[in-house]
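I opened this one to see how the strands fit together and what sits around them. My notes follow in the order I looked things up.

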Amino acid sequence: MTVTSEPLVYDPYAYEIHEDPYPTYARLRQEAPLYRNDERNFWALSRHGDVMAAFRDSERFSNAEGVSIDPAASGPHAHRTMSFLAMDPPNHGRMRGLVSRGFTPRRVAAMEDGIRALTVQHLDDCLAKGDFDFVADLAGKVPMDVISEMLGVPQADREMLRKQSDLLIHREEGVTDVPPAGVEAAFALVIYYADLIADRRANPGDDLVSALCAADVDGDRLTDDEITSFLFLMVVAGNETTTKLLAHAWYWGDRFPGERAKAFADPGRIPDWVEETLRYDTSSQMLARVTTADLEFHGQTIPKGDRVLLLAGSANRDDRAFADPDRYDLDRDREAGIASFGVGRHFCMGASLARLEAHVVLQELIKRVESYEIDPAGTRRVHSVNVRGFESLPTSVTVR
Ligand code: HEM
């Protein structure tokens with residue numbers, strides 16, 4: 001590691017952290033495994049053991065104020081846009097129990113053919129163009145289509161929904177809360193979802209929104225507000241993160257051609273390509289919690305009621321858990337467990353769906369594409385507090 005006397009500052013809003021957070025994470029793990037940022041009023045845990053233990057300890061690390069540090073998206077009202085991700089028991093279990101029926105292994109496996117058909121359709125368009133933008137033309141489309149199919153959102157509305165959800169998470173440099181464009185996007189989504197729910201209440205189909213409208217939870221029905229907040233969660237949790245996973249696989253495959261060659265030579269290695277990408281550069285970099293008791297870490301006390309960030313992106317690069325962690329290596333041992341989907345009560349409900357989508361998209365790409373290149377000059381990042389990834393990856397391919 002490079003020794004530096006620069007003061008150690010971790011600010012999840014800083015553009016240089018979005019560019020490359022990993023050197024700062026390495027210093028945090030080494031010099032300040034319990035880090036305090038007074039200006040932004042949070043603590044951060046960065047070592048694999050601490051992050052995983054905190055994820056599991058959902059009694060003392062509460063989700064009730066949400067997982068973001070944006071003032072507008074955190075606090076006791078966070079469940080309005082993040083549904084049960086921003087709840088503790090018993091409310092968490094009530095909502096998650098209802099929705100998880102849509103995510104059983106059988107339901108997810110049954111989606112494979114549909115995901116493949118959507119992928120092939122978008123891939124045909126990409127290859128017909130010659131050069132294309134991997135994010136705008138493919139990685140951004142498949143996850144939104146898959147969620148839209150689950151929810152019963154018509155084809156014609158999907159592009160608008162994707163644009164609004166991008167606006168919801170985008171942050172200009174120096175902006176440390178949901179900006180006006182994000183607030184407008186949220187209003188547009190609320191209006192859209194209100195119409196969708198009203199339509200499903202009147203004309204039920206076999207989609208998840210209709211199922212939630214009809215669901216009976218110990219005698220109560222879900223309100224429109226509860227269903228709307230779940231739809232917000234699905235779009236942000238399921239759409240943005242999966243798009244970024246795909247784009248990261250593509251990007252790191254371009255940067256490390258020897259590693260991607262393993263999957264191109266043997267598509268059976270695609271799951272390793274996906275798992276190593278999830279570890280090496282996860283789209284979900286950090287999740288916030290609030291402590292419900294005074295907690296001792298590394299000789300310091302985090303007072304009850306304080307905010308703590310669990311740095312999943314850093315846990316995945318901890319050499320206490322992964323040998324030579326900054327090496328992108330499909331063959332490595334990941335037995336210690338990646339932090340990318342969380343663990344415990346809030347473990348990502350869409351993890352197997354996200355993995356399935358990534359496998360199918362990469363399988364279809366490898367079938368049709370012999371090699372590819374990304375134009376570094378046109379590569380652009382998204383700027384967001386929790387989500388890391390690309391907005392644009394201009395790609396040229398040699399087809400088979
Ligand atoms: C690569 C893609 C994805 C990543 C990296 C990811 C990451 C995560 C993480 C880290 C959590 C835990 C948050 C916490 O502990 O506070 C989570 C929760 C969740 N994810 Fe995902 N996710 C992905 C894809 C999806 C997909 C495709 C869906 C659904 C379509 C989804 C739905 C959810 C839901 C509903 C929760 C809340 C679970 C709860 O609070 O009980 N995610 N996700």
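**Entry 1: the hairpin.** I began at Tyr-35, which stands opposite Ala-44 in S2. This is a predicted model, so I am reading everything here as such. I then checked how S1 and S2 run: they are antiparallel, joined by 4 bridges. The two strands make a hairpin with 4 residues between them. In that turn I found Asn-41 with a positive phi of about 60°.

**Entry 2: the whole sheet.** Next I followed the pairing outwards from the hairpin. S2 pairs with S10 in the parallel sense, over 3 bridges, and there Leu-45 stands opposite Leu-310 of S10. On I went to S7 (residues 286-291), which runs antiparallel to S10 (residues 307-311) with 5 bridges between them. Leu-310 turns up again here, as Leu-287 stands opposite it. I also noted that Val-290 has Arg-307 in S10 as its bridge partner. Last came S3, antiparallel to S7 over 2 bridges, with Phe-61 and Thr-291 as bridge partners.

Put together, that is an open sheet of 5 strands with mixed pairing, in the order S1-S2-S10-S7-S3. Which strands stand at the edges? They are S1 (34-37) and S3 (61-62); each has a single partner strand, so one side of each lacks a neighbour in the sheet. I then looked for a helix against the sheet and found H3 (residues 48-56), which packs on it and touches S2 (42-45), S3, S7 and S10. The direction of H3 makes about 120° with that of S10.

**Entry 3: S7, buried or exposed?** I went through S7 residue by residue. The count is 6 buried out of 6, so S7 is largely enclosed by the rest of the structure. In a regular strand, side chains alternate between the two faces of the sheet. I sorted S7 that way: Met-286, Ala-288 and Val-290 lie on one side, Leu-287, Arg-289 and Thr-291 on the other, and both faces are covered.

**Entry 4: the core.** I pulled up the largest nonpolar core, which has 99 residues; Ala-44, Val-51, Ala-247, Val-308, Leu-310 and Leu-311 touch the most other members. Helix H13 (residues 224-255) gives the most to this core, with 15 residues. I picked Leu-311 for a closer look. Beyond its neighbours within four places in sequence, Leu-311 is in contact with Tyr-25, Ala-44, Leu-45, Ser-46, Val-51, Gln-285 and Met-286.

**Entry 5: H2.** Tyr-25 sent me to H2, where Thr-24, Tyr-25, Arg-27, Leu-28 and Arg-29 are buried. I asked what covers them, and the list includes helix H1 (15-19), S1, S2, S10 and helix H16 (312-315). Pro-23 is also in H2 (residues 22-31). Pro-23 is only partly exposed or partly buried, depending on taste, but by count it goes down as partly exposed, with 14 other C-beta atoms within 10 Å. Pro-23 and Ser-314 are 291 residues apart in sequence, yet their C-alpha atoms are 9.6 Å apart in space.

**Entry 6: the ligand.** How many residues surround the ligand? I got 27, the closest being Gly-238, Thr-241, Gly-342, Cys-348 and Gly-350. By class, the shell has 15 nonpolar, 11 polar and 1 charged residues. H13 and helix H17 (351-368) each supply at least two of them. H13 gives the most to this shell, with 7 residues.

Notes
Residues are numbered from 1 along each chain as its sequence is written. This is a predicted model: local features need pLDDT of at least 70, side-chain atom pairs count only at pLDDT 80 or more; totals for chains, interfaces and linings use all residues. Two strands pair if DSSP finds at least two bridges between them. Two residues are in contact if their C-beta atoms, placed from the backbone, lie within 7 Å. Axes are lines fitted to C-alpha atoms, for helices over the stretch in contact, and angles run from 0 to 180 degrees between N-to-C directions. A nonpolar core is a set of buried Ala, Val, Leu, Ile, Met, Phe, Trp, Tyr and Cys residues joined through C-beta atoms within 7 Å. A residue is buried if 20 or more other C-beta atoms lie within 10 Å of its own, exposed if 12 or fewer, and partly exposed in between; C-beta atoms are placed from the backbone. A residue is near a molecule or strand if its C-beta atom, placed from the backbone, lies within 6 Å of it. Ala, Val, Leu, Ile, Met, Phe, Trp, Tyr, Cys and Pro count as nonpolar, Asp, Glu, Lys and Arg as charged, and the others, Gly among them, as polar.
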